[in-house]
Amino acid sequence: MIKKSSLFAIILMLGAVFASAQTQSATDVVMVLPFENTSGKGEFNWVGESFADSLSDLLRVPTITVISNEQRKVLQQQLRIPLTSLPSLATSLKLAQKTNTSLLVSGRYEIVPAAGEAAATIKVSVRMVRVNEGRYVGEDFPDGGRQTNEIVISDALSKLQKIQGQVAFQILYKRNRAVEYSQDYMIGLASKVPAKAFEAYIKGLITQSVESRENYFKNASRLYSEALEGIPYTEAELELGHLYLSTKRGNEAVASFERVISQYTKCRDRAKTDKKPARCQDQSFAEASFYIGLLYLQQGNFESAMATLKPLADDLHLTNAYNALGAITVQGSRAEKKNPARAAAMLNDGLELLKKAAESSPDDASILFNYATALFLNGNLTESAAQMRNAIVKNPRDGEAYFILAKALETLKDAKAVEMANEAQRLLTDNNKYAKLETEWQKSRTLPDVSLRVIQPARKDFVSVVLSRRPITNAAPVSETDTLLAQARTQIKNGQDDDAMATLRRVLASEPMSAESYSLLGKIHLRRGDIDQAISSFKTSIFWDNRLIDAHVSLGKIYVEKGDCLQAKTYAVSAAEIDAENQDVLALQRLSERCSK
């Protein structure tokens with residue numbers, strides 16, 4: 001076993017290689033590793049994965065870009081690091097280097113199982129490594145020394161999500177003491193999934209047996225839906241969709257993916273109605289839409305395939321979506337026999353989509369083939385021949401590409417047509433493919449047996465290649481509340497107390513635990529001379545967020561004025577514990593000291 005001192009030496013050594021020591025930047029890239037189970041009980045391994053999954057979501061706040069749990073897994077696979085074993089510290093730092101991670105979060109936990117009337121308990125210890133500086137995040141002391149500062153929390157295992165919210169808050173606080181979110185807020189975010197449903201979902205993620213995985217995800221979805229009045233568990237349904245897809249159960253996959261898409265649409269529409277920023281699962285929506293679109297294509301359901309994939313092309317600008325949607329539209333135009341005008345319009349639409357895909361991926365042989373074929377079908381033979389030559393360069397053994405190029409050159413009276421036809425005949429020998437294509441061509445001048453190509457990528461490739469082309473955004477927990485609080489602060493500054501009171505009532509109607517709202521109300525009451533109301537408001541503010549320094553200082557000053565020196569000193573001490581260098585805190589300390597003389 002490697003000693004702690006050796007581990008720290010590794011950090012220092014690699015940190016020196018990665019970058020020279022620097023002060024904490026305003027923005028961090030954070031990666032959360034699965035936590036280590038030190039209890040020796042394999043049935044609790046799911047807890048470690050749940051920390052990685054939950055914290056990766058909770059830490060998405062402004063100034064932090066989080067490497068998602070799925071992205072971390074993809075990277076591990078690319079580096080051939082088994083997902084079934086925890087990376088060593090040195091390996092973890094290599095993962096961090098690959099993703100420009102500046103803050104690495106790791107942890108371990110010990111579980112004491114239930115015994116008799118005693119419930120199962122968990123003790124979790126969390127450390128943060130500042131990668132660029134090669135050190136653990138710790139506390140600074142006046143003498144210049146440092147102490148590695150772990151986050152240690154113990155509680156009942158049944159309160160796991162509460163613990164994860166507490167850990168997320170502590171990480172944010174230790175990274176920056178001016179954290180904008182209270183612990184209660186983070187716990188609320190962590191507890192959005194019913195505990196039993198969350199446990200079943202995480203167990204499904206780490207289980208190898210297909211049958212067991214299916215049962216866990218089904219159970220998670222059922223428990224979630226029962227607890228939340230029929231709302232589907234998006235993450236569990238997405239996993240079920242992929243499981244059904246991998247086991248050739250297309251109809252069941254479609255049903256699961258449709259539930260993901262439906263829930264996303266409802267979430268987005270609700271956010272528009274409420275005029276609030278959407279906190280919807282857009283990555284899950286993108287995955288579900290892409291794969292269900294391919295399923296519809298396989299089933300020949302072109303209308304549904306186009307309707308499902310179009311939002312990806314319009315809103316997310318995914319190259320693979322452009323290719324898939326373009327191919328489906330062209331295929332749909334070929335299948336349209338009753339309305340020539342509609343068929344022509346669909347062909348033009350498909351051609352434009354495939355052109356975008358080809359411009360975005362000029363080295364993709366399948367996309368180039370699709371674009372060239374669409375040009376051929378549209379009668380643009382010169383450009384089709386040029387694009388098909390590019391496709392052949394990328395895939396020299398593509399017999400269908402040679403066949404279409406030969407027919408384009410033949411129509412253009414190009415002598416190279418014979419050479420291309422001979423090459424097609426040499427390559428299209430399976431099932432007498434060349435003869436069948438040639439017979440149909442001589443009969444109808446069409447290519448019914450040549451299909452456009454939409455390759456279904458493995459999920460890890462979709463995440464690492466397709467989604468990586470989207471701009472990185474943080475799902476910051478912001479809402480209309482932030483706007484209203486800013487408005488109230490401005491109104492108070494301008495002496496518009498009545499307007500500020502009305503604004504704060506709007507905040508409290510939707511966010512009854514808004515600590516800052518109560519603090520601002522306290523300031524208004526204090527300015528109006530309503531001391532008792534001011535005290536009540538400030539105390540309520542501290543109840544919901546004990547780190548709100550303004551409330552401590554204001555209460556201290558009130559008690560100085562009231563001559564209650566003991567209370568004044570109490571709030572001076574509590575304010576100093578938050579920030580001893582704050583000028584208002586120092587002023588309160590001087591006032592409280594004079595109060596007792």
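1. Glutamate 419 and lysine 416 sit three residues apart in helix H18 (residues 416-427), so about one helical turn separates them. In this predicted model, the two side chains form a salt bridge, with the closest N and O atoms 3.4 Å apart. Neither end is tucked away: glutamate 419 is partly exposed at 43% relative accessible area, and lysine 416 is partly exposed at 45%.

2. Helix H18 has another pair to look at. Arginine 426 and glutamate 423 are three residues apart there, again about one turn of the helix, and their salt bridge has its closest N and O atoms 2.2 Å apart. Arginine 426 comes out as partly exposed, with a relative accessible area of 48%; glutamate 423, at 22%, also counts as partly exposed.

3. Salt bridges with shared partners tie Glu214, Lys218, Arg249 and Glu252 into one network. Within it, glutamate 214 and lysine 218 meet at 3.0 Å, N to O. Both belong to helix H8, four residues apart, or about one turn. Their surroundings differ, though: glutamate 214 is buried at 10% relative accessible area, while lysine 218 is partly exposed at 39%. Overall, the count comes to 24 salt bridges.

4. On to the aromatics, where the count is eleven pairs. Tyrosine 201 and phenylalanine 217 make a tilted one, 6.0 Å centre to centre with 50° between the planes. This pair links distant parts of the chain: tyrosine 201 is in helix H7 (residues 195-206) and phenylalanine 217 in helix H8 (residues 210-227), 16 residues apart. Both residues are buried.

5. Tyrosine 201 also pairs with tyrosine 233, again tilted, at 5.4 Å between centres and 45° between planes. Here the partner, tyrosine 233, lies in the loop between H8 and helix H9 (234-246), 32 residues away from tyrosine 201. Tyrosine 201 has 6% relative accessibility and so counts as buried; tyrosine 233 is buried too, at 2%. Add Tyr224, and you have one aromatic cluster of Tyr201, Phe217, Tyr224 and Tyr233.

6. One charge-over-ring contact deserves a mention: arginine 453 lies over the face of phenylalanine 369, 3.6 Å from the ring centre.

7. For the overall picture, the protein chain has 27 helices and nine strands. Of its 597 residues, 48% are buried. Among contacts with a separation of 6 or more, 61% are between residues 24 or more positions apart. The chain exposes about 29700 Å², with carbon and sulfur atoms supplying 50% of that area.

Note on methods. Residues numbered from 1 in each chain as written. Predicted model: local features only at pLDDT ≥ 70, side-chain atom pairs only at ≥ 80, totals over all residues. Heavy atoms only, no water. Helix = DSSP H or I, 4+ residues; strand = E, 2+ residues; numbered from the N terminus. Buried < 20%, exposed > 50% of the residue type's maximum accessible area, 1.4 Å probe, protein only. Contact = heavy atoms within 4.5 Å. Areas by Shrake-Rupley, 256 points an atom, 1.4 Å probe, with all protein chains shown as cover. Phe/Tyr/Trp six-rings, centres within 6.5 Å; stacked < 30°, edge-to-face > 60°. Lys NZ or Arg CZ within 6 Å of the ring centre and 35° of its normal. Salt bridge = Lys/Arg side-chain N within 4 Å of Asp/Glu carboxyl O.
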